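Colleague: I am new to this structure, and I would like to go through it with you step by step. Could we start once it is on the screen?

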Amino acid sequence: MHHEIQKMREIALVYLDISGGLQKFVHDCKKYNDSKQSYAVYRFIISINPSDIAELDATLGNCILHNPIQAAQIFQSVCFIAIKTLSLIEQLQTEAQISILLKPTHLPPLPSYVLSLSAFPFNYTSQRFYMSEGIAIAMGTVTKYTQGARFLCTEETCPFSEGSFRYIRVHLPGATESATVRNDFVCSLCSSPLQEDMKFRVLGDKQIVEMIDAKALNALKGYSNDKSHFRIQTFTVFLRDELANKMKIGNHYKIIGIPACVQNGLQATACIEVNSVQLCNPNGPSFVSDNFKYLLSLTSSSCWRFTAILANIFASQVVPPGTYNTLKLAILLSLVQTCEKENADYLDLLIVTSDTLVIDRLLNYSICLLPRGIRHPPSSEIFPSVSKDKHGTGSASIHACSAVLAKGGICYIGDLSSYKKDKLELLQSVLESRMTTVFIPGKKYGEEADQQVTISVQTNFWSFVDVDSSSKKHIQKDNFLIGQMDVSLIPPNLLDVFGLLIYREFPSCQPSSLVHHILKKAINPEAMLYKVSQQFRMQDYEEFILFAKNLHVELSSEAENLIQGYYLASRRVRRDSIHGSTLSASALKILISLSKAHTKLSLRKKVLEEDALIAILLLESSLTLKHGKSALCIAPNPVFPFDLSDENSLQQRDSYLMQCHHQLLKFIGAYGPGIQTNANEE
């Protein structure tokens, strides 16, 4: 056995040499030596590639993967000999003072190395490395823990009563604070009690994070074809020292660590001591279905036809094809304009309707097309909240709520009129800044000072307003502009920050068709009522949207000029003597976001004038609902003025949109930047 350990030490030294780890170790030693200060524990991090070590020596590779605590002791011996041989740290006295943290770069891609957080039993007794992944749903504040401590004998005549570094305690995976610095140790020489030398206690940073399997998000969707049942529970991970604050709430991570069981009174908690953290960015599919490719080739003669047909046939499991086309196009645009990047282009939807049943089903169906589509449960909070950590530390724990869990996706918050004034004001603030702030009172959570934690909210919000129920609660306005609908039930400032306001248009087909669809679905929910539902399945739309949303698109100069011309002209014509222009500065961002979304939905990478025209028509329609008609004077349903029943209707729509484009150019020419006006530009 001693021969095997000696051989593994030699291999460990060879690996450190060829991997560059020895050079890093010498550099770390120099920092300690230059400080001229004695420490109870000298901590070193060693990066390990299990594949490379297994090629050098299978025994050491197996030891690292399946007995990492023993492997750390082997590297501890190697490092101690290196320090003494090369005189790297003059203050170091004993091998016990060296603490080694092994960080595997990866684990073998085999099922036995994956810790499934939804499988039973949860193996937390093996004390070896596992890989797991999940979403951070709660994060505690950073607190201190004892990294290492020195103990001295209480018997004054004992050689170990002063100046000795014989008795050193270091933190091990799963150990609590009381286990690391207990008071029941005795001297091995004279059997007298040992007492901690507080001057040499080494403190480190600790952060507790709650994670959950990504599959758990399926339970937060309003509708799903997945009928399987599974068990999901949160699990606790400990981030220590350099890993503290390496995670952000709501992100998806892969972690490598050692599972353990932590006792807190009578309660036992399964947890993972994390050694390495990697942000997980799942890539979307690199293809779309053959049916979508064929449809794209058939409609290649026009930049508008493909997206028109997509909207026309979308969600045929929920509503008949040809109904709610403008709303379905807006939904598809919002779905492809989802991203986890900072300062992304967002596209929020607010639908005004009296047909809440169908609209709710349509939005429920749509959020299931994204991995991060969340239907907000009314009983919980939309934005992060804070509470006491459940592990007995007394510190604060921030909980991710619906908006953060929907990162890079959609947060569907239901009926806007069901929320109280303070919630609506908070929603408005988040929509304006895409940030939310959590206040942590220091006195309540054992901190010296109050803290404010700012969390980014990277999601699109969907909501609707029930006109019938809400109108009873509000006094109707008397002074409507032509084309303007009553939006007194929504706070004006909140109305402005939503990207698109959509009034649920009447179904272009006969109302009996919708009733017939609803009744048939009620009798047989699984029935495919239309042939198009079989040709373009829900899975095909999922793949299509994941592919389209990852396309990188750029504005052409022609599209940019059209957007800027319309924006400047609209600011001039949409103004009043009291408030100035009624067109907010955010309208320009919304126009660009809509244009890019239409380009992605068309599977192109260059934003054309045709994309900008659809964006302008959608926004102008939204502005007409809010503020009434302008000099541009578009039709009530400008994007889908006709039923799309055959190729002739598509050709008719193309001709109509060309007329709209010509009308828009005349509008820009009449009211654009080149025209003299007495009004002061803001």
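Colleague: How much area does the protein expose, and what share of it do carbon and sulfur atoms supply?

Modeller: This is a predicted model, in which local features need pLDDT of at least 70 and side-chain atom pairs count only at pLDDT 80 or more, while totals for chains, interfaces and linings use all residues. Residues are numbered from 1 along each chain as its sequence is written, and side-chain values use heavy atoms, with hydrogens and water left out. By the Shrake-Rupley method with a 1.4 Å probe, the protein exposes about 32100 Å², of which carbon and sulfur atoms supply 53%.

Colleague: Is strand β1 largely enclosed or open, and why?

Modeller: Strands here are DSSP runs of E with at least two residues, and helices are runs of H or I with at least four, numbered from the N terminus. Buried means under 20% relative accessible area, with a 1.4 Å probe and protein chains only. Because five of the seven residues of β1 (residues 42-48) are buried, the strand is largely enclosed by the rest of the structure.

Colleague: Which residue of β2 is the bridge partner of Ile45?

Modeller: Strands pair if DSSP finds at least two bridges between them, and seven bridges join β1 to β2 (residues 98-104), the two running parallel. In β2, the bridge partner of Ile45 is Leu101.

Colleague: At what angle do helices α9 and α19 pack?

Modeller: The axes, which are lines fitted to C-alpha atoms over the stretch in contact, lie 8 Å apart for α9 (residues 325-336) and α19 (residues 586-601). Angles run from 0 to 180 degrees between N-to-C directions, and the angle for this pair is about 90 degrees.

How values were computed
Buried < 20%, exposed > 50% of the residue type's maximum accessible area, 1.4 Å probe, protein only.
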